[in-house]
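Here is a quick tour for anyone opening this one for the first time. Have a look around before reading on.

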Amino acid sequence: MILKITDLNVFHGPIHAIKKVNLHVKEGEIVAIIGANGAGKTTLLNTIAGLKKKTDGEILYQGEPLPEKSHEVLKKGIALCPEGRRVFGNLTVYENLIMGGYLMKYKKDFEKEVEAVYHLFPRLHERRNQIASTLSGGEQQMLAIGRALMSKPRLFLLDEPSLGLAPLLVQEIFNKFIEINQMGVSILIVEQNAKHALMLSSRAYVLQTGNVIKEGPSKNLLNDPQIQEAYLGKRLKDRQNQ
Amino acid sequence: MPILEINNVTKEFGGLTAVSNLNLNVSEGELIGIIGPNGAGKSTVFNLITGIYKPTKGTIKFKGQDIGGMEPFKISKLGIARTFQNLRLFKNLSVLQNVKIANQTFAGYDILSAIFRNQKYKAQEKEIKENALKLLEIVGLSEFINEKAGKLPYGFQRKLEIARALAMKPSILLLDEPAAGMNPDESLELMEFIGKIRKDFDLTIILIEHHMEVVMGICERILVLNFGKTIVEGTPEEIQNSPEVISSYLGEVVQDDTENN
Amino acid sequence: MQYLEGIIILICINLMVVVGLSLLTGFTGLFSFGHAAYMAIGAYTSALITTKLGVPFFVGIIAGAIVAGLAGWLIGTATLKLVGDYFAIASLGFGETIRLLLDNGGKVTGGARGFGGIPYQTTLLIAVTVAFLAVVVMRNIILSRYGRSFMAIREDEIAAQACGIDTFSFKKKSLVISAVYAGIGGSLFAHYMNYLQPIMFDMAKSTEVASAVVFGGLGSLTGSILASIILTGVPELLRPLFQWRLVFYGLVLVGTIVLRPQGIMGGKEISFVGLKKVFRFRLKEENSNNAHSGNK
Amino acid sequence: GGGNKEAESIKVGYLVHVTGDSALWGISEKNGAIIAQEEINEAGGVLGKKLDIMFYDGRGNSADSVNAVKKAVQQDKVVAMLGSNLSGPTIAVGPICASAKVPQVASFATNPRVTQDDNGNLKPWSFRLCFTDPYQGKLIADYAYDKLGKKNAAVLYDVTNDYSSGLTDFFVKRFEEKGGKVVSKLSFRTGDVDFRAQLSEIKQKNADILVLPNGYKEIALIAKQAKDLGMRDIVKISGDSGYSISLFEMAGEELDGNYYVIQHFAWDDPDVAPIKDKYEKKFNESPEVNAAMGYDMVYFIADAIKRAGKADGEAIRNAIEESKDVKLKHASITIDPKTHDPKNKAGIILKFEGNKAVFVDKFAPQD
Amino acid sequence: MFLLIRISQQLINGLSIGSIYALIAIGYSLIYSILMFSNFAHSSFLLMGAYTGFYILILLSSSFPLSLLIAMLGSGILAVLIEKIAYKPIRDRGNPTLYFIIASMGISIFFENFIICTIGPRFRSYPRIMQTTFVELGKLNISVMDIYAAVVAIAFLLMLSYLIEKTKVGIAIRAASFDLEVVGLMGVNTNMLISIVFLIAGILAGLAGEFLGVKYTVYPQLGYITNKAYIAAVFGGLGNLKGAVLGSILLGLLEALITGFLSSAMRDIFVFCLLILVLLIKPSGLMGIQKQDKV
Ligand SMILES: Nc1ncnc2c1ncn2[C@@H]1O[C@H](COP(=O)(O)OP(=O)(O)OP(=O)(O)O)[C@@H](O)[C@H]1O
Ligand SMILES: Nc1ncnc2c1ncn2[C@@H]1O[C@H](COP(=O)(O)OP(=O)(O)OP(=O)(O)O)[C@@H](O)[C@H]1O
Ligand SMILES: [Mg+2]
Ligand SMILES: [Mg+2]
C-alpha cells in the first residue's frame, strides 16, 4: 500500500470540505477520483501534497505518516500537478522544467528527463525559451504536467490534467500516464472527464460534497447507471442520439 | 451586414505569428465555434476582438465600426462581452457584486446622485440589483450571492463569469473554454444554458472549446485554427469528417468514440 | 477639557485624510507615499486666502479642497499609468516636491520658517461636523456604482475593463476624491494649528496616514475611522512613556499586522447604535470583505 | 482656574524634544533642567513650595507639541511653560499659552516670530533667553567681516530647516550691507550626508570664509569632505547650533584652527563648569550646550515666580517682562520689554584649537 | 578646461555617492525580487551593520576587516530574524504586499527609536581608518573609500547576478516571487530559501552600513538614505539587480550634476521630475521587464 488515508477531515475555515474520507492507493495502481464541482477533490489532493493542513485523520505513505510540508512530501516521492496549471509565469519554459527537477543531483539525469518531457510535448521544446505566462492555456497545461514529471515521483497526483487540452493531446497524455504507470509509478488522478479517468484507472472513488459515496473497480463504476447518469454524461448522449 | 467582420488580421509576438491573415464574418444571431490545437491562436483572436491586443495587421469591425486596437472598456461598452480562459473574477468581492459591476455600466447616475442618494440613484441601484439577481438565478448561483467569488468551486466560478458577461447586455458573447473543468453532465447543462441565453438575450456567440460534445452539439459553424490560420471552416459534420482536423486535432480514438454513439 | 477637545479635533482632521486615503488604497488598491502633500496643498491654500484675502473660513476650506483636488487630477493624469510600487514612488516624489516647493516658497509661504498668524477657526463643532459629513459622503460613494468600480479595479484591472469600466478615469476619480479629503483635512489643520511649516507634511506624516489605513483594515471605512481615533489618541495616552513612545508605535504597527493582518476591522463594517441609519452597511450583501487584492 | 485646593507644588511645564531628529539636544536640556530642579527643591523650593518641572515631549514636531502643551496648560494647569529649543514647535504652541494666560519662555528658539507675529507685533506671553536669528546673523557677518577680515563668503545651508535658512537670510543681508560679497549660496536637505557636489562648486568660487549655519553633524561631514576635496584651509564659522562635544570626535582634525562658532557661553567659564561636572556625574555622559541652558531656564523661571510672589500665570508673566540683570550661570539676563528677547546678550566666540573649543572673544555688533 | 575639471569633479562626486546607493539598492532589490515588496526595514539592517561595526571597532579595537565581517553577520542575522518574526506570518496568510510594506515601515520606526532610547541619539564617528585618504589626480580628488565602495558594489553585483540568473537557487528565487506555494511543491524548502535571501540582503546592508558609517557617521537616522536607494532601484527597474546598480549610479550622478550646475535647493525636484519622466516612458524602470499579463 503506497498511500492510505483514514478518517481524513479538512476544513476551509468554516467549510467542511473533506468529511471522514478513507482512501488508499496500492503500489503500482492508478486510482481515479471523480465528483462534481466543489466535491472536495482538489482539497484532498492538496492536503496530501502538503499545500493544505488537515484537521484530523491519518495519511500514511508506505506505512509511515506523511510529512506536512510540501517540500518534504515531494522528497518522499509524491508529486502534484496542481489544478489550474500554476506554471511560473515569470520563468521560461526551460526554467520551469529546471524547477520541476530541482532535487535532481546530476545534470545527466536532468537532461534525460527534460528530453523525455520534450518528447512528450514537442511544443514545449519549440517554446523552451518563451516566458511561461505568454504560453497558451493548453501549452501551460503541458508545461505543468511536464514539470511535475521532472521530479520522477513514485506517486503522481494529477488534478484535472486534461483541462484545456485539445482532444488529440488528451489521448496522448493519458497514454503517457499508462506508460509512466507501467514503469512502476502509482497514480492518483482527479478528472472531470470521468469516462477517460475510469477507463484509465483500475479503481475509483466518487466524491460528493466531501464524502466518498462510492468506490470500487472502475469497470463497475463505468457501468453503474447512477454514475453514468451523474458523471458520464449519459443524458448528453441521450440527447445527442435524439 | 455581418455584425462582426475580421479582415486579414495578423498578430505577431516578436518572431511568433500567433494569428495570421485571419478572416471571419459573423452574422447576427450565429453561434460559432472555434477549435484547434493548443496554441493555435484561439484565445488571441478573442484578445484581438476585445482590444487587449492590437492587431499587427488587418481590421476588425463591429457593426460597421472599426474597433481594432480600441481600448478594451470601450469595446465592451459597445456590446462585446467575454469570459476568460484563466478566470478573472473579482475574487474578494461577493458573487452579487461581481455581477452588479458589469451591469452598472448602464446606470448613468452621477457622483452627486450617489452622495445624496436621490431618486435616480435609488431607481437605478434597484434595477441593477434586480438584474443581477435575475442573472444569478439563471446561472443557478442564487444561493451563493453573498459568497466571496474566489471561494466558489471552479465550475461555479465559470458560471459566475458567464453571468457577469451577460450582465454587460452584450450583442456578442465570447466564451473562452466555458466547459473547462466541468464534467460531461455539467457540460450538458452548460450547452442547454448557452442555447437558452442565446435565445433569451438575442445573442451572437463565439465559443472556444476543447469539449467536442459541446462544440458539435450546439455550434452551427465551426472554425478550425492551426498555427494561427484557418485550416477548415464548416458545419460540425464537415469538421468531424475532415481528415486534416482529425489528424491535427481530434485524434482517432475520440473519433471512434463519437461514431459509436 | 480643552485638551480633550484638541485631541478630538485632531482626530477629526486625521480622520478626513485617512478616510480619503482609504478610498485610494483600501478600495482602489493604489498605494500613495505622498498623501501628506495634498494635505499641505489644502492647508496652505486655505490659510493663504483666509489670512491674505480675509475670506471666510468655509470659502477657505472649499478653495483648499478644490486646489488639492486639482493637484490630484494633474498628478493622476501624469502618473496613474504606472502600477504598483512605481506609482507609489511617483507619489513619494510628488510629496517631496511639494514640500521642497513650500520650503523654497520665500515670502508667500514663509519657506521653511513657516507661515504664521492663521486665524483659529477650527472649532470642535466645525471639525466634528465636517468629519461626520465626510464619512457619510464617503460611505455613499462606496455603496454606489463608483465604489464598486473602484473595488473592481483593485481586484482585477483587465476584468474591470471587460466590464466596461474606464479604469484610468476611475483611478483618477479615486485619487481626486481622496486628494479633496486630504485638502479639507489640511484646511482644518491650518486653522487649528494657526501656524504652518512644510516639515509638518513630511514623509513621516504620509506614512502615518497610510499606516492608519492598513491598521484599520483595507477596504473598511469604519476601520479607518477607528484607526484614526486609536492612532491619534494612543500616542497621547503613551505620552508619559517619553522617548519610548515611538518604539511602541512601531511595535503596535508591526504587531497588528502580524497578529491581526486584516486590521482592526478585518475589512468589515460595524454599525453604531443610534447612528444606525448612517452607518448601516448592508454588510453581507453590499460590502466586500478583505482586500486581498490578489497581488502576486 | 479657581484653585480651590491649595497645591503643594508649583507646576511648570517644559516642552522638550526627546524623540525625533533633535532628540540629542532635547535630552540634554531635560537633564540640565532636572539638575536645577533638584538643587532648587533641596534648597527649599520656591515660595515655600516644591518646584515641579513637568516635561512634555514634542517629538520635534509642531502638531505633537501643540497636543503636549495643550495637555500642560489645560489639563495639568502649569503656571508657566518653558522651552523649546526648536522654533517651529515653539511658535506653534505660542497661541495656546497665550489663550490660557501662561507665559512661555523659549530656550533656543531663535526665529524672530517666537516673540513677534508676522507683522512685527509683540506677543505678550512669549519670551526667550537665547538670541534671535537676525541678531545671530549680524554677529556672524560682523565677526567675519570686521574681526576676521573676510570679504568673500560662501554659505552652505539646509533649505528644509527653518533655523538654517533663516540664519542664512539674515547673514547674507548683513554681510552684503557691510560691503562683503556672498560668492556662493548653496543648499542641501535635512538628512543629506554628502556635500561634495556643493563643496566642489564652492571651491571654484574662491571664497575665503565658509558660513555653515547648521548642526554639528553637517558641519563635521562638510569639514571632512571639504578636506577630501583639497579645501583644507578655508575658514568656517557657525551659529549657536554648530557646536557639540561630539564635534571633536567627529571632525576635530579637519576643523582645528579654522573653525569659529558663536555660543551663548563657554564650557570653561568657571560659572558654567560645575553644571558640566554635575551632569557628567549624574548622567554618565557629557552634556551638550542645551544642558546649561536647561539648567538656567529653571533658575530663571524660579526667580520670576519668586518675584511674582505667587504661582499665577499673569503675575509670572509680568515678573518675566521686568527681569533685569537676572544672574544666571551662562549669562546675566535682562529682558527687553519691547521685544521680549534678552537685551544686549553678547555672543561668545569659540575657536577650535587642539581638540578644544577655546574662548576667543566676547562680541556684540556695533549697532 | 576649467569647465571640464568642474564637470569631472562632479562626476566623481556622483559616482561616489552612487556607489553607496548601489550597495544599499542591491539588497533592497534582492528582497523585492522574491517577495515583491519594498522592504523599508532595510534601513534597520543598515543601522545594525553601522552600529555593530562601530562598537566592534571601538570596544574590541579589532581590525577593520574583522569588524566588517561581524557587522555583515549581525545585519544578516537581524534580517533573517525580522523575516521570521514579522514577514513570515504575513506571508503564510497570503496577505497583499501592502501589509509587508506597512510592517516594514513599522519595523524601521521601531528600530530607529529603539536605538535612540538605548544607545542614544548622538552622532558617532568611526575611528579614522581610511576615510581621510584620497588620491589626487591633477586637480581632481578621489577618496579611497569611494573606490572601495565601488569595487565592492560591483563585486557583489556580479556575484549576485550570477546567483540569480544562472544557478538553480536563483531560478527558485525568481519562481518564488511568482508563486511561493508551487515552489514548495517542487521540493524547495521555501522558508529556507527566503531566509537565504534575507541573509544575503542583510549581509549586504551590513556592509553598506559600515561603509556609510566610515564615510559619514553613525546615527539613528542614518537609515533614511535607504529612501534614496529605493528611488534608485525604481529608476533602474525594481527587482533587477543590474537595474538597481545602474539606477544608483545615475541617481548619484544626476544629484551631483544638478547640484553643481542647476540648483542645489531644487535638486530633488529635478530628480523626481526626471524619475517620473523616465517612468512615463519606461513604466517599469530603465531595466525592468514590462510584464504583460497573458489573458
Ligand atoms: N480557499 C478556499 N477557501 C474557502 N473554501 C474553499 C477554498 N477552496 C475550496 N473551498 C471549498 O471547499 C469545497 C471543496 O472545494 P474543492 O476545490 O476541493 O472542490 P473540487 O472537487 O476540486 O471542485 P472542482 O471540480 O470545481 O475543482 C468547496 O465547497 C469550496 O467552496
Ligand atoms: N503575449 C504573448 N507573447 C508571446 N507569445 C504569445 C503571447 N500570447 C500568446 N502567445 C503565443 O501565441 C500562441 C497562441 O496563443 P493562444 O493563447 O491564442 O492559443 P489558444 O489557441 O488559445 O490555445 P489553448 O487552446 O491552449 O488555449 C501560443 O503559442 C502562445 O504561446
Ligand atoms: Mg478542483
Ligand atoms: Mg486559449
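Let's start with chain E: of its 295 residues, 68% count as buried. Keep in mind that what you're looking at is a predicted model.

**Chain E, from end to end**

Chain E is built from eleven helices and two strands. Starting at the N terminus, the order of its elements is α-α-α-α-β-β-α-α-α-α-α-α-α. Its radius of gyration comes to 19 Å, close to the 19 Å the globule rule gives for 295 residues, so chain E is as compact as a globular protein of that length. Along the principal axes, its C-alpha trace spans about 60 × 50 × 35 Å.

How do the contacts in chain E spread along the sequence? Take those with a separation of 6 or more: 77% of them join residues 24 or more positions apart. As for the outside, chain E exposes about 9,800 Å², with carbon and sulfur atoms supplying 73% of that area.

**A magnesium ion in chain B**

Which residues coordinate the magnesium ion (ligand 4)? They are Ser43(B), through OG, and Gln85(B), through OE1, at 1.9 to 2.1 Å. Ser43(B) belongs to helix α1 (residues 42-49) of chain B, while Gln85(B) sits in the loop between β6 (80-82) and α3 (95-103), so the pair ties together parts that are 42 residues apart in sequence.

Both of these residues turn up in the table below, next to two cysteines from other chains.

| Residue | Relative accessible area | Status |
|---|---|---|
| Ser43(B) | 9% | buried |
| Gln85(B) | 5% | buried |
| Cys163(C) | 2% | buried |
| Cys130(D) | 0% | buried |

**What about the cysteines?**

How many disulfides does the structure hold over all chains? The count is zero. Cys130(D) makes a handy example: the closest cysteine sulfur to its own is in Cys97(D), 15 Å away, and that is too far for a bond because a disulfide needs the two sulfur atoms within 2.5 Å. Cys130(D) is also buried, at 0% relative accessibility. Over in chain C, Cys163(C) is buried too, with a relative accessible area of 2%.

**How sure is the model about chain B?**

The mean pLDDT of chain B is 88, and 96% of its residues reach 70 or more. One stretch to read with care is residues 253-261 of chain B, where pLDDT stays under 50. For that stretch, the model has eleven contacts beyond four places in sequence.

Note on methods: Residues are numbered from 1 along each chain as its sequence is written. Chains are lettered from A and ligands numbered from 1 in the order in which they are written. This is a predicted model: local features need pLDDT of at least 70, side-chain atom pairs count only at pLDDT 80 or more; totals for chains, interfaces and linings use all residues. Side-chain values use heavy atoms; hydrogens and water are left out. Donors are N, O and S atoms within 2.8 Å of the metal (3.2 Å for Na, K and Ca); water is not among the atoms, so sites may look incomplete. Helices (H or I, at least four residues) and strands (E, at least two) are DSSP runs, numbered from the N terminus. Buried means under 20% relative accessible area, exposed over 50%, partly exposed in between (1.4 Å probe, protein chains only). The radius of gyration is taken over C-alpha atoms; the globule rule is 2.2 Å times the number of residues to the power 0.38. Contact means heavy atoms within 4.5 Å. Accessible areas come from the Shrake-Rupley method with a 1.4 Å probe; for residues, only the protein chains shown count as cover. pLDDT is the predictor's confidence in each residue, from 0 to 100.
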